[in-house]
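Hi everyone, thanks for coming along. I'd like to walk you through one protein today, so please have a look at the screen with me.

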Amino acid sequence: MKHTASLRRTSVRALLATGLVTSLALMTGCTKSEGSSGNGKAASQQQDSGQVVASPSGGSGPTCAIDAYGGKKLDLRSAAVGFSQSEKEANPFRIAETASIKAEAQKRGVRLLTSNAQSQFSKQISDVQDLIAKGADLLVIAPLNSDGWEPVLRTASAKHIPIVTIDRKINAAACKDYVSFIGSDFVEQGKRAADRMIAATGGQGEIAILLGAAGNNVTTERTKGFEDRIKEKAPGLKIVFRQTGDFAREKGQSVTENLIQSKPGIKGIYAENDEMGLGAVNALKGAGKKPGDVKIVTIDGTRNAVQGIVDGWIDGVIESNPRFGPLAFQTLDAFTQGQKVAQDIVIQDSSYTASNAKSDLGKAY
């Protein structure tokens, strides 16, 4: 717990340096509705799993304020906030993300307008336009794709509607087209996954990558971080297979079934999210493999994936914390009060291995 306390103190200094919120201490976005079993230990673990802001390099970074962005100050409690979810809420990440946004809006007494694009980008664009038409004063967007947001940005800019994006970036200008991006360092996630794969395989053998969906920065950056670190630290590991699993369990399973046929000697699989990794586990079970025969490293931190470590099928999980509610609303609150907020708010992610998976299972979502 001393390490956790140190992280929280570091986070406060970082926030003060960037001027995000002068009174912000730590970001906790977990409620019992997000998986708490109700006992004291689980509740404590859930609280510890809230988002914490990582210290930016050098202690500072670009900021944004109303006078630069346009618009006017307002009281968040009297505003309407529109939230656009990108994907079907079958994925535990999306379930936890939406639950966190709704819980924080309810806690603050904020009127929340919601939509779900059901993994269709054209629908997400029309969804956000509809949220604006319904009177949203501010927007929180979990983008499906990084490109193609020009129609929304033009409409929001004309009405001076502040936009915060979470978990994925859009390819646009910060503090002009949108206020802030809140999310993980995806390149660093890829590097940490590579380090885990190197340790699991001894740095030798053939490995595969189950790529995430195309068209967003998460897939691009998680791939880059992983490949760069493998090239740097483990030239004996050869990436011999790359194919998209679209961040979906079923697709991850079918792709891994093909992988096993084409590359029977595969030693490791890097899945760019937990759902694809769990699909890979299903494929390996179907092929008669035993736990540990193929080393699997994934990214997200879902409960099923962490349980996969306990059961021996998954070697490591790099967390990508989806509980954006408190941090998103604190960012909007500070901004609409006239304070400067960071354009890039990077959160600190933990990880799960055999050493902590069982004890920390209650932190997973």
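Let me start with a question for you: is the crossing of α9 and α10 left-handed or right-handed? While you turn that over, please keep in mind that this is a predicted model.

Okay, the answer: α9 and α10 cross in a right-handed way. Helix α9 covers residues 249–262 and helix α10 covers residues 274–286. Their axes are 7 Å apart, and the packing angle is about 45 degrees. Angles from 65 to 115 degrees would count as roughly perpendicular and those under 35 as roughly parallel, and α9 and α10 are therefore oblique to each other.

Who makes the contact? On the α9 side we have Arg 249, Gly 252, Gln 253, Thr 256, Glu 257 and Ile 260. From α10 come Glu 275, Met 276, Leu 278, Gly 279, Ala 280, Asn 282, Ala 283 and Leu 284. Sorted by character, the residues of this contact are six nonpolar, five polar and three charged.

Now stay with two of those names, Thr 256 and Ala 280, since both are also touched by Ile 269. Ile 269 sits in strand β10, residues 268–271. Is Ile 269 buried or exposed? Its relative accessible area is 0%, so Ile 269 is buried. Leaving aside residues up to four places away in sequence, Ile 269 also touches Met 197, Ala 208, Leu 210 and Leu 259, plus the run Val 294, Lys 295, Ile 296 and Val 297. Take Val 294 from that list: Ile 269 and Val 294 are 25 residues apart in sequence, with 7.1 Å between their C-alpha atoms.

Next, the cysteines. How many disulfides does the structure hold? Just one, and it joins Cys 64 to Cys 175, with 2.1 Å from S to S. The link is right-handed, with 80 degrees about the S-S bond. Cys 64 belongs to strand β2 (residues 63–64), while Cys 175 is in the loop between β6 (163–166) and β7 (180–183), so the pair ties together parts that are 111 residues apart in sequence. Both Cys 64 and Cys 175 are buried.

Let me finish by zooming out. The protein has twelve helices and 15 strands. Of its 365 residues, 54% are buried. And if you take the contacts between residues at least 6 apart in sequence, 76% of them join residues at least 24 apart.

That's my tour, and I'm happy to go back to any part of it.

Methods: Residues are numbered from 1 along each chain as its sequence is written. This is a predicted model: local features need pLDDT of at least 70, side-chain atom pairs count only at pLDDT 80 or more; totals for chains, interfaces and linings use all residues. Side-chain values use heavy atoms; hydrogens and water are left out. A disulfide is a pair of cysteine sulfur atoms within 2.5 Å. Helices (H or I, at least four residues) and strands (E, at least two) are DSSP runs, numbered from the N terminus. Buried means under 20% relative accessible area, exposed over 50%, partly exposed in between (1.4 Å probe, protein chains only). Axes are lines fitted to C-alpha atoms, for helices over the stretch in contact, and angles run from 0 to 180 degrees between N-to-C directions. Angles under 35 degrees count as roughly parallel, over 145 as roughly antiparallel, 65 to 115 as roughly perpendicular and the rest as oblique. A crossing is left-handed if the near helix is turned anticlockwise from the far one by less than a right angle, and right-handed if clockwise. Contact means heavy atoms within 4.5 Å. Ala, Val, Leu, Ile, Met, Phe, Trp, Tyr, Cys and Pro count as nonpolar, Asp, Glu, Lys and Arg as charged, and the others, Gly among them, as polar.
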